Structure formats: structure tokens, C-alpha cells
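Reader: Please present the model, and then explain how its descriptive terms are justified.

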Protein chains: 2
Amino acid sequence: MSSDTIGPLISPAALRGSIRSGEYSGLSGGLARGFVQCNVVILPERYAAEFLAFCQLNPKPCPLLAMGTPGDPTLPTLGDDIDIRSDVSAYRVFENGVPTEEVADIAHLWRSDFVTFALGCSFSFEEALEDAGLDVRHNSLGLTNPMFTTNIETVAAGPFRGEMVVTMRPFTPAGAIRAIQITSRYPGVHGAPVHFGDPAAIGITDLTEVEFGGDAVPIHDGEVPVFWACGVTPQVALANANLPICITHKPAHMLVTDKRNAELAIL
Amino acid sequence: MSSDTIGPLISPAALRGSIRSGEYSGLSGGLARGFVQCNVVILPERYAAEFLAFCQLNPKPCPLLAMGTPGDPTLPTLGDDIDIRSDVSAYRVFENGVPTEEVADIAHLWRSDFVTFALGCSFSFEEALEDAGLDVRHNSLGLTNPMFTTNIETVAAGPFRGEMVVTMRPFTPAGAIRAIQITSRYPGVHGAPVHFGDPAAIGITDLTEVEFGGDAVPIHDGEVPVFWACGVTPQVALANANLPICITHKPAHMLVTDKRNAELAIL
């Protein structure tokens, strides 16, 4: 497979090129393996300081990896040629807190006061888990990771507030202990889990009732569900904030950057 | 409290002096806070190489911190003045695999071919857990930690074999995640847990049926039992090995050293 073929070994720049040209509009998981993928939030400058505070107060669901300047669609610390108006394979537009459309490009919506936030994503630590020989169930089954709204309240900042969204991965207890060790090395992409075991303890009543376009995954005998904070949490906070307009990636359609996952390991 | 009073702030050397003189013969937990306490195994030289191999093959239950030379009762890397014949507050003597007596001093039993092994103990990481604000239940209740034989087989070496012994501490899932992070820093004192949750999965049928002189501790609603490998495991292996003679500390009566717990943190 060459670095231009859509697949695990495509380079981030080639993948962004395919997305920018409209050739590729699918899921980003499993592509450009080894490189950081990001959750994206774009909103007017007047809300940027409060959203930045929201990220600072909630580092597990909202680990901020990069922030743009008003009107500037580039994110030079994440990739030389990134144009956030075209380089995500699917966007979700919110108006007055309600998702109104999904689009493949936002050049026609771009404004001189738009500020971009790029937040870490669990795809980075999933690669580390798999490299350690652990089975990340939704990946081995070719599914999207299961996401759930919890009863864990985020810390509010300005209009941004709401419950934390989590992802779930099942492991044996020994596997979960190893997964906790590994993901603790990656605080920039959600870090250690926030919970394991009884889903009801964090307000999840049914693990088959997945949200945000995720898939339910089977939990085998002897396994426990392990829950990590999820970068979809800001989408809940954005809906609650009722901003006149804001734009995010469509869940599971992330911004693929030139930063390596291994660069994010704190030790 | 002065450094000569038996209590949390006594110096290791003063505590060993009190034990050596016969003044103190009690539990070592909670004394000389900040300093490493060790499990002790003393056996004839002809079995030393195989026991060393057993430790190497089973580093979680048998983390070797120091080893003496034949006939030498000192352990200079653990303390200038340590005399292993007198500096443990209670010893257990095994003959042909059976515990035959508990004594306060082994000078009369010492032989020119005896080799001493000092293994790490969970007291070191318990201090780190408490310093992080976690409740180590048996300590806060003034009890000895609960110990259980599991169905986890150690890796055999020569005559040394048997099931792993574990200690149990209850935590909320969030507390358990933090405890896994903290104890992972201390591989020299058992490191991360080996299991959490269902006791039956590791062959424990009843958490109130404690062994080795430990106490049962209550598990509160919303907590899960978390299990760490225990330095009493060698005592099971020694019983299985049927050595003509060997000597250990009495459980919970550890060798108190001059090494600081914080020195053992690998990061």
C-alpha cells in the first residue's frame, strides 16, 4: 500500500488531500496509523475565551491540543498545510444549539471571527493499547466505538455545561489494569479511564443503547466495561450553549494531523 | 514523639534496636513511616539459587530487594547495622515444610550456610496511596491487611511452587484507577494489582475468610475489591518445598530498613 492509498499507511497529508478534494468523505478511524486525530470545535470569537475555560476546567473530556486565531483556518502546530475549512471528512453545523446540517466542506460558512479548537481523541491511545497486545473490541470487530452520555457533570464555564460523554471498551480485569497504565501515559488524549464496572454508577442504564453514532460491542464473560472521557462531550456543551452558530467534526470523522501519537506520551 | 518512641516517627535504627533488645515484639505496620519494610526468607545455601530463580520468575509476589551471602547475617544495602538474626520482631521457623515455632530471635538457629532474602512489602505503596488521599481500609480501621490464597499458579523453580497469595483493598472504581496508577510506580513492592472485582475469578470464594493472620475488612456500596500480589506467597512455596529448615518473618512482622519508600518509585 502506498502512502497515497486510503488505508492504515496513508500519510496524514495525503489523507487530508483526498478529503480536501472530495475524494474521501468517510470515517477517519484506522487511517494514517501512528498519527494524532482530533476532535474539532469551531465557534465565534466572542465565545472562544469561555470555551477555552471549559476545556481547561474539563481536561479529561476536552484535552486541548491546538487553538487557532480568529479568522485563521490553519493549525500550524498540527500540520503545515491544514485548512480546517476543508480537511475534515464530515462536519456538523449547529445553529442555536441544534444540529442543522452535515457538510463535507465549510468554506461557504467560514467567518473572520471563527476560532478553531482541536481536542485530543481516543484513537491515539487505542493504538497504544493495540500495540501492547490488547483487544480493542470495536476495532477488531470493525465497529465505531460505543459512546454514552453519563450523569457526570462537567464543570461549567459561561454557557458551556452538561454531562460528560464517555466511550466504553471491555477488558478482563488484568487487561483493564494494563489499559489504565497505558492510557495514563496519554493525558492529552483523555488519559486514564474515569470509571469501570457498574454502568449505572455513572448513569448509563443500558450498554446496548449507544449514542452519537457509535456501535454496541459485546462484553465477554469475565470482562468488565471500562469507560473513558470522550471528545464528543463538547458537542453536548455546545448544544446546551445555544450559540447562534458553531461547527464541529461529525463524530468519528476526525481531523488527521501530522503529529505522532507517540509524541503525546508523557513518559 | 521522639525518634526513640515506638510509633510512626521512630527511626528504623531505633526500632530495630528496640526489637533487638527484646523491648518490642509487635506488628511493624505504621512504624517508622516513610521507610521500606521487607518480607524475609532465610534458607540453606543449597536452595538459594533455586529460590532466587523463583523470585526472578515471580517478580510481582516476590520482588527481591536484597540478598545476603552465606552465613552473613547483615544486609548492608538495607541498613548499616542490620543483623537479620535479631532485628525482626517475630520469626516463623519451618521444618520439613511445616511451621514448627514462632520465635523472637534466631541467633540460636543461625547456620554458616544460611542465606537471607529480603522482599518488598505492600506497606511501601500503602503509604503512597494514603499520601494521595486514598483510604486504605485496613489501616484506617487499625486492622491487618486481608490476605487470601488464589488459584493463580506461580511459576515453579526447583522445589518452589504454589499458588499466589494476594492482599485486598476496597476502592471505588475512580479510587481503584488512581491506586493502579500509584502502585504501578512501585514494581519493587508488588507494583500494580493483579486483579479487581469478582473474587471467584482468582479462586477466592469468600472475602470474609481471611488467611495468614489478616483481618476481614468491610467493602462499602459502590466499591470493588482490588487485589495485589503479596509477599506471603513465598511462605506457601516454602511449605511446598519441604526444606529441612527455613525461616521467615511472621506475617505483618517485617524487617524495617533504612531505605526510603520514595527511593523505590521508578518514576
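Author: Copies are superposed by least squares on the C-alpha atoms of residues with pLDDT of at least 70 in both. Under that procedure, a rotation of 180° with 0.0 Å of shift along its axis places chain B on chain A, with an RMSD of 0.0 Å. The two copies are thus related as by a two-fold rotation axis. This is a predicted model, in which local features need pLDDT of at least 70, side-chain atom pairs count only at pLDDT 80 or more, and totals for chains, interfaces and linings use all residues. Residues are numbered from 1 along each chain as its sequence is written, while chains are lettered from A and ligands numbered from 1 in the order in which they are written.

Reader: Which residue of chain B comes closest to the rotation axis?

Author: B:Gln181 does, with its C-alpha at 3.1 Å.

Reader: What makes a residue part of the contact between the chains?

Author: Two residues are in contact if their C-beta atoms, placed from the backbone, lie within 7 Å. By this criterion the contact takes 16 residues from chain B and 16 residues from chain A. The same surface serves both copies, since 100% of the contact residues of chain B recur in chain A.

Reader: Why are β6 and β8 of chain B said to stand at the edges?

Author: Two strands (E runs of at least two residues in DSSP) pair if DSSP finds at least two bridges between them. Four strands of chain B form an open antiparallel sheet in the order β6-β7-β9-β8. β6 (147-153) and β8 of chain B each have a single partner strand, so one side of each is left without a neighbour in the sheet. β8(B) meets the criterion with β9 (residues 224-229) of chain B, over two antiparallel bridges.
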